[in-house]
Amino acid sequence: MMDVAREIDYRFKVTNLEWARVQLKIIEPYFANAMEFDYFLDDWYLYLQIKIAFWRMSKKR
């Protein structure tokens, strides 16, 4: 996975902001439609959505 991340960074020159959203898009299927993410929110709200999603998934187990 790290090799893929380096290759994406090298080829597409993504910013940290974009890369965080790419990573979220990659792991989004893990949440199995438990939560829908709004990618247009600022970084803090997107981070909060992720934390809530992980919390909700832990409660289901």
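Helix 2, spanning residues 16-27 of this predicted model, comprises 12 residues and extends 17 Å from its first C-alpha to its last, close to the 16 Å expected at 1.5 Å a residue, where the expected span is 1.5 Å times one less than the number of residues and helices are DSSP runs of H or I with at least four residues, numbered from the N terminus. Within helix 2, Trp 19, Arg 21 and Leu 24 are buried, that is, under 20% relative accessible area with a 1.4 Å probe and protein chains only. Residues are numbered from 1 along each chain as its sequence is written. Local features need pLDDT of at least 70 and side-chain atom pairs pLDDT 80 or more, whereas totals for chains, interfaces and linings use all residues, and side-chain values use heavy atoms, with hydrogens and water left out.

The largest pocket encloses about 180 Å³ of space; a pocket is an open set of points on a 1 Å grid over the protein atoms alone, where a 1.4 Å probe fits, with protein on both sides within 12 Å along at least five of seven lines, and lining residues have an atom within 4 Å of a point. The volume is the space filled by probe spheres set on the points, which are joined across faces, edges and corners. Helix 2 gives the most to this lining, with seven residues, and helix 3 (43-60) also supplies at least two. Among the lining residues are Arg 21, Leu 24, Leu 46 and Tyr 47.

Leu 24 and Leu 46 also belong to the largest nonpolar core, which has nine residues, including Phe 31, Ala 34 and Met 57; such a core is a set of buried Ala, Val, Leu, Ile, Met, Phe, Trp, Tyr and Cys residues joined through side-chain atoms within 4.5 Å. Helix 3 gives the most to this core, with three residues.

Conventions. Buried means under 20% relative accessible area, exposed over 50%, partly exposed in between (1.4 Å probe, protein chains only).
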